[in-house]
Amino acid sequence: MTSPLIGVTTSRRGGWRSYLMHRLALSRAGARAVRLMPGHPLPAEPLQGLVIGGGDDIGAEIYGGQVLPDVRIDPERDKLELGLLKAALPAGLPILGICRGSQMINVALGGTLHTDIYEVYVQAPKMRTVLPRKTVTIEQGSRLDRILNCNPCQVNALHHQSVARLGRGLRIAACDESGIVQAIESESAPFLLGVQWHPELLVWKKPQQRLFAALADAAREASAPLSATALAV
């Protein structure tokens, strides 16, 4: 069995912790990880998959949202990830978006975000925890449903933004009890999936580890790995 190389985008500030957790989860799935950051060269070896990871907020100007003064953004990371997705999406490269990464997939395909979910979902409990204390309902028959085999599922919650208008070719794959979108997936791509929670922090839960196993399996089957030249932005 081959060990596909999966690129993992992270923040430059403190992103090494997130990267280590992704590397562990991907290693358990039989895949290799390489960290992708703005200002650093892309790997010479072609990538067979991508994880667009969590971290800083996405710049609101990209999707026409409200600019908030008290959030941390990284325009260079936004540029890197949009460039990666511009190359990877039409090539059908397997992609898993996590938290910010799920939102970035939506934005890259023309969707929008709720800049602050608590201004829209005023009755939603303000939850911020790495522990699996949020209940999400998975859309029956979705790719995510087949992967997780867990419905409803308990997940963690570390976000204050969420998907608003869906991007082109995407559908909702999960929502929480307040109706906030918790996962999206492609209607037609071989493997394009985004989850609002952080499965890399739940590696002891088998349904969450299956997400990384599914990405690794899809990467092994990828017909056209992308080289650094193709991914250059």
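## The lining of the largest pocket

In this predicted model, the residues that line the largest pocket can be sorted by class into 4 nonpolar, 12 polar and 8 charged residues. The pocket that they surround has a volume of about 550 Å³, and of its 24 lining residues, those closest to the centre are G54, G55, D56, R128 and H198. Such a space can be found because rolling a probe the size of a water molecule over the atoms shows where empty space is left.

Which helices each supply at least two residues of this lining? They are α1, which covers residues 15-28, and α3, which covers residues 100-108. Of the contributions to the lining, that of α1 is the greatest, with 4 residues.

## Strands that run in parallel

Helix α1 also has a place in the path of the chain between two strands, β1 and β2. Strand β1, made of residues 5-9, pairs with strand β2, made of residues 32-36, in the parallel sense and over 5 bridges. The chain leaves β1, passes through α1 and arrives at β2, and the β-α-β crossover made in this way is right-handed. Within this pair of strands, the residue that stands opposite L5 is R32 in β2.

Strand β1 has a further partner in β3, with which it pairs in the parallel sense over 4 bridges, and here G7 stands opposite L50 in β3. Strand β3 in turn pairs with strand β4, residues 95-98, again in the parallel sense and over 3 bridges, with I52 standing opposite G97 in β4.

## The two faces of β3

In a regular strand the side chains alternate between the two faces of the sheet. Strand β3, which spans residues 49-52, can be read with this in mind: G49 and V51 point one way, while L50 and I52 point the other way. Are the residues on these two sides buried or exposed? All of them, on the one side and on the other, are buried.

## Cysteines, bonded and unbonded

The model has 1 disulfide, and it joins C150 to C153, with a distance of 2.2 Å from S to S. Both of these cysteines, C150 and C153, are buried.

Why does C99 not take part in such a bond? The cysteine sulfur closest to that of C99 belongs to C175 and is 15 Å away, and a disulfide needs two sulfur atoms within 2.5 Å, so the distance is too far for a bond. C99 itself counts as buried because its relative accessibility is 7%, which is under the 20% cut-off. For C175, the closest cysteine sulfur is the one in C153, and at 13 Å this is also too far for a bond.

## Two residues and their distances

Two single residues, K86 and T9, show how position in the sequence may be set beside position in space. K86 is found in helix α2, which runs over residues 75-91, and because its relative accessible area is 70%, which is over the 50% cut-off, K86 counts as exposed. Between K86 and A189 there is a separation of 103 residues in sequence, and their C-alpha atoms are 14 Å apart in space.

T9 lies in strand β1, and with a relative accessible area of 1%, under the 20% cut-off, T9 is therefore buried. T9 and A224 are 215 residues apart along the sequence, and from C-alpha to C-alpha they are 20 Å apart.

Conventions:
Residues numbered from 1 in each chain as written. Predicted model: local features only at pLDDT ≥ 70, side-chain atom pairs only at ≥ 80, totals over all residues. Heavy atoms only, no water. 1 Å grid on protein atoms, 1.4 Å probe; cavity = no way out; pocket = protein on both sides within 12 Å on 5 of 7 lines; lining within 4 Å. Points joined across faces, edges and corners; volume = space filled by probe spheres on them. Nonpolar A, V, L, I, M, F, W, Y, C, P; charged D, E, K, R; others polar. Pairing = 2+ DSSP bridges. Right-handed = clockwise from strand over helix to strand, strands pointing away. Buried < 20%, exposed > 50% of the residue type's maximum accessible area, 1.4 Å probe, protein only.
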